[in-house]
Each structure stands twice: as C-alpha cells, then as structure tokens.
Amino acid sequence: MSRSGGRGRRAPEPSIAVSDERGVRYLHFGTVWVQGAMRLRRPWDIELDYLRHMMAWQLFVEPRGEILQIGLGAASLAKYTWKRLPQARVVVVEIEPAVVAVARQQFGLPPEDDRLELVIEDGARYVAHPRNRGRFAVIQVDAYDAAANGPVLGGPGFYAACRRALAEPGVLVVNLFGMHSSLDDHLADLRDAFEGRVKLLPPVEAGNVIALAFAGPKRRLSWPELYGRATAIEETQPLRATGWVNALREENPQGATALEA
C-alpha cells in the first residue's frame, strides 16, 4: 500500500479500480491509495519498494517449504514467489473474492496448481486454525483497507496466532505504516508475541515500515555471513538484498560483529 495517481480504468467490482500510468498498472480500492502495482513490461517483478523489502526474510530462512501470504492486493508477492522460488509453495489468503478476480484479470495471477493455493477467508481466522500450527516457514502480512488507516489485522491475539503458525526457524513479515499512530501498538504487540525478536527495515518513501519477527532457536548471524547471503540472492533475483543488510546494520549499531535474530 502506497500512494500514486494514474488514469482511472474501472475493474468489475465498483469499489475496486485499476489505473495505468507510465507503463505501470496500479490497483486502488476506490481511493488514491495504491494497493498494488505491476510494471507492464516486467509483470513478474516486484514494482513497489516496500514489497521488495518484504522479501528480506530470505536473509534468514531458505526459500522452501510453505509461505503464507495474507492479503493479495495486485498479487506481486504471490506471483514473484511462485515464479522465482520454485522450491516454495505459496498459500494466499484473501477475504475479498473481487480482489482475486481483478488480480487474475488485470495483474496476471496464474491459475492454482500444486505450488499455488488461493483461500477466500479472513486472514486472522485462517492463521489461528489449529491445523496450521507450525506449518509455515514464512508468513507475509500486507492487509489494508481502502482508507489505509494502518493495517486491518493486528493485536496480541493475531500476532500470537502467527507465531504459533510458524515453523522453526520461521519469519513473520508485516507491512506497517510508519506515518500512522498504530505503529507503536503494532510493534509492542509484535515484540510481546515474539519475545522481543523483531527487526525493522527503514521506511520507504511512501512511509511503509517492514517488520521481521523471528521464531525458533535464537541465532547470531555475522555481518559477513549476511552479506554473503545477500550476494547470493542478488545473483539470481532482481532484488537489492545488500541494501537490506546495510539497513539492518545501521539500525542495529550495538551488533558490531553480528545480528541477533
């Protein structure tokens, strides 16, 4: 979720609109706030900065196993993971069927197969179900409504349920809005649920702040090791992973030789 203009072109659902501007297609929920974007010449790549930041979990866990995506938007994360990470299986939970329809019609969301599952359900209810305990290597949460007044999912119960649904090691990735008053409450609830094991990437220009919360045995990862992982990511993916490590190092000056996660 970020902000842009664009020439309006209506999607099937009246509250959802699609606009094209300078080679980029945007998804709106009836406001100027952008809920997703796709560059038409590179439909499989991630266009928005904050969504690229949400892939920083790759520094900490291998891109395999099951990845849960709560909130579909323009399907950028789902498409990217399905296309670029062949050892991973993606489960997308989206509460609004119309969003799924638009993602398929306008943003190239591929059909379901053995590596892509779409579930129409409330994300909080889904992640809290006992069958999902310890299931997911990664959970990515990007759930906003049209008003963009902070994430629509959160609170102690939700983050505790995410913690239970993670495998060990596992990472929860949450898109927070640094310019909204809800930020401090979300961070406090995250730290309570994950015993303080939360790291932040600095806000992007639109104000989004990505939080990474860690489950499983505590680890000390040396900065050379993290830079090595970043280099390996950059060799196979169009992501600036070295920048993630630089940002984490700046945000954690007390970790002179290593990052605790």
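**Pro169 and helix H3 in a predicted fold**

Strand E10, which spans residues 166-177, includes Pro169. The model in which this strand appears is a predicted one. Pro169 is classed as partly exposed because its relative accessibility is 40%, a value between the 20% that bounds buried residues and the 50% that bounds exposed ones. Leaving aside residues up to four places away in sequence, Pro169 is in contact with Val61, Ala137, Ala215 and Gly216. Another residue to look for here is Val138: 31 residues separate Val138 from Pro169 along the sequence, and the distance between their C-alpha atoms is 9.1 Å.

A step back from this proline brings the whole chain into view. Eight helices and 14 strands make up its secondary structure. Of the 261 residues in the chain, 56% are buried. When contacts between residues at least 6 apart in sequence are considered, 66% of them link residues at least 24 apart. The exposed surface of the chain comes to about 11,500 Å², with 49% of that area supplied by carbon and sulfur atoms.

Among the helices, H3 offers a good place to follow the chain residue by residue. Helix H3 covers residues 97-106, and its buried residues are Ala98, Val99, Val100, Val102, Ala103 and Gln106. In an α-helix, residues three or four places apart point the same way, because each turn takes 3.6 residues. At the N-terminal end, H3 is capped by Glu96, which places a side-chain oxygen 3.0 Å from the backbone nitrogen of Ala98. Ala98 thus appears twice in this picture, as a buried residue of H3 and as the partner of the Glu96 cap. After H3 comes Gly108, with a positive phi near 70 degrees.

Notes
Residues are numbered from 1 along each chain as its sequence is written. This is a predicted model: local features need pLDDT of at least 70, side-chain atom pairs count only at pLDDT 80 or more; totals for chains, interfaces and linings use all residues. Side-chain values use heavy atoms; hydrogens and water are left out. Helices (H or I, at least four residues) and strands (E, at least two) are DSSP runs, numbered from the N terminus. Buried means under 20% relative accessible area, exposed over 50%, partly exposed in between (1.4 Å probe, protein chains only). Contact means heavy atoms within 4.5 Å. Accessible areas come from the Shrake-Rupley method with a 1.4 Å probe; for residues, only the protein chains shown count as cover. A polar contact is a pair of N or O atoms within 3.5 Å; within protein, one must be able to donate a hydrogen and the other to accept it, and residues adjacent in sequence count only if both atoms are side-chain atoms.
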